[in-house]
Amino acid sequence: MVIIADATEADLNQIYEIESKSFDNPYPYSLLRAYLFLASKLYLVAKNGDKVVGYVIGIIQYGYRGHIVSIAVKPEYRNQGIGSELLNEIEQRFKQNGARYSYLEVSISNLSAISFYYTNGYIISYLRKNYYGRGKHAFVMIKNLYYKFLD
Ligand SMILES: CC(C)(COP(=O)(O)OP(=O)(O)OC[C@H]1O[C@@H](n2cnc3c(N)ncnc32)[C@H](O)[C@@H]1OP(=O)(O)O)[C@@H](O)C(=O)NCCC(=O)NCCS
């Protein structure tokens with residue numbers, strides 16, 4: 001069974017391993033560690049027993065918006081709803097801390113992540129050119145945390 005918990009220093013090696021497997025340009029270990037202090041209570045792990053199988057880092061900006069800094073799930077644990085659970089929990093924490101909306105950058109070539117965010121209520125807001133380096137553009141995707149869709 002997978003549970004969502006606050007990340008701790010003891011989780012860092014496994015978080016870094018997932019980060020390295022998930023991104024071409026992974027965040028360095030030192031930055032992932034710094035976020036433990038910068039983003040306390042907005043740094044979550046998904047755990048299967050002692051094993052970290054996913055994580056999400058968020059920050060609140062200007063007191064009214066939540067930024068998803070990074071989210072990744074261990075490759076063999078993907079497509080089981082774990083990413084959505086992490087996203088839902090960080091959005092709840094954003095709301096508790098006064099955020100009105102949540103947003104993130106995603107590479108325009110990362111179609112599975114774009115689909116994942118869309119399924120979770122995010123829409124593409126605009127293009128941020130060269131965000132990941134020359135010629136590597138990002139979409140900014142946004143979710144209003146208060147708007148409710150009618151069925
Ligand atoms: C993006 C990412 C975090 C999603 O994590 P995940 O755990 O696979 O997410 P979920 O399982 O909640 O959702 C993924 C898909 O699986 C589907 N799914 C969820 N539960 C499922 C289940 N039990 N059975 C089958 N499919 C399922 C979802 O509907 C979703 O489909 P969609 O994306 O086509 O809408 C993960 O793919 C990842 O780590 N990618 C690499 C890092 C990355 O790109 N991060 C985002 C950078 S901006």
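Two strands are said to pair if DSSP finds at least two bridges between them. Strands (E, at least two residues) and helices (H or I, at least four) are DSSP runs, numbered from the N terminus. The model on display is predicted: local features need pLDDT of at least 70, side-chain atom pairs count only at pLDDT 80 or more, and totals for chains, interfaces and linings use all residues. Residues are numbered from 1 along each chain as its sequence is written, and side-chain values use heavy atoms, with hydrogens and water left out.

**Stop 1: the sheet**

Display the strands. An open sheet of mixed pairing is formed by seven strands, in the order 1-2-3-4-5-7-6. Select residues 2–6 and 123–128 for the edges: these are strand 1 and strand 6, each of which pairs on one side only. On average, neighbouring strands of the sheet are turned by 25° against each other, direction ignored.

**Stop 2: from strand 6 to strand 5**

Strand 6 and strand 7 run antiparallel and are joined by five bridges. Select Ile 124, and Met 141 of strand 7 is found opposite. Strand 7 also pairs with strand 5, in the antiparallel sense, over seven bridges; here Ser 107 stands opposite Ala 138 of strand 7.

**Stop 3: strands 3 and 4, with two helices**

Select residues 51–61 and 65–73. These are strand 3 and strand 4, which run antiparallel with eight bridges between them. Tyr 55 has Ala 72 in strand 4 as its bridge partner.

Next, select residues 82–96, which form helix 3. Helix 3 packs on the sheet, touching (heavy atoms within 4.5 Å) strands 1, 2, 3, 4, 5 and 7. Its direction makes about 160° with that of strand 4; axes are lines fitted to C-alpha atoms, for helices over the stretch in contact, and angles run from 0 to 180 degrees between N-to-C directions. Helix 1 (residues 12–22) lies across strands 2, 3 and 4, at about 85° to strand 3.

**Stop 4: the ligand**

Select the ligand and the 21 residues around it, each with a heavy atom within 4 Å. Those that come nearest are Gly 81, Gly 83, Ser 84, Asn 110 and Thr 119.

Polar contacts are pairs of N or O atoms within 3.5 Å. Oxygen atoms of the ligand lie 2.3 Å from a polar side-chain atom of Thr 119, 2.5 Å from one of Ser 84 and 3.3 Å from a side-chain N or O atom of Arg 78. Of the 940 Å² of accessible area that the ligand has on its own, the protein covers 70% (Shrake-Rupley method, 1.4 Å probe).

How values were computed: A polar contact is a pair of N or O atoms within 3.5 Å; within protein, one must be able to donate a hydrogen and the other to accept it, and residues adjacent in sequence count only if both atoms are side-chain atoms.
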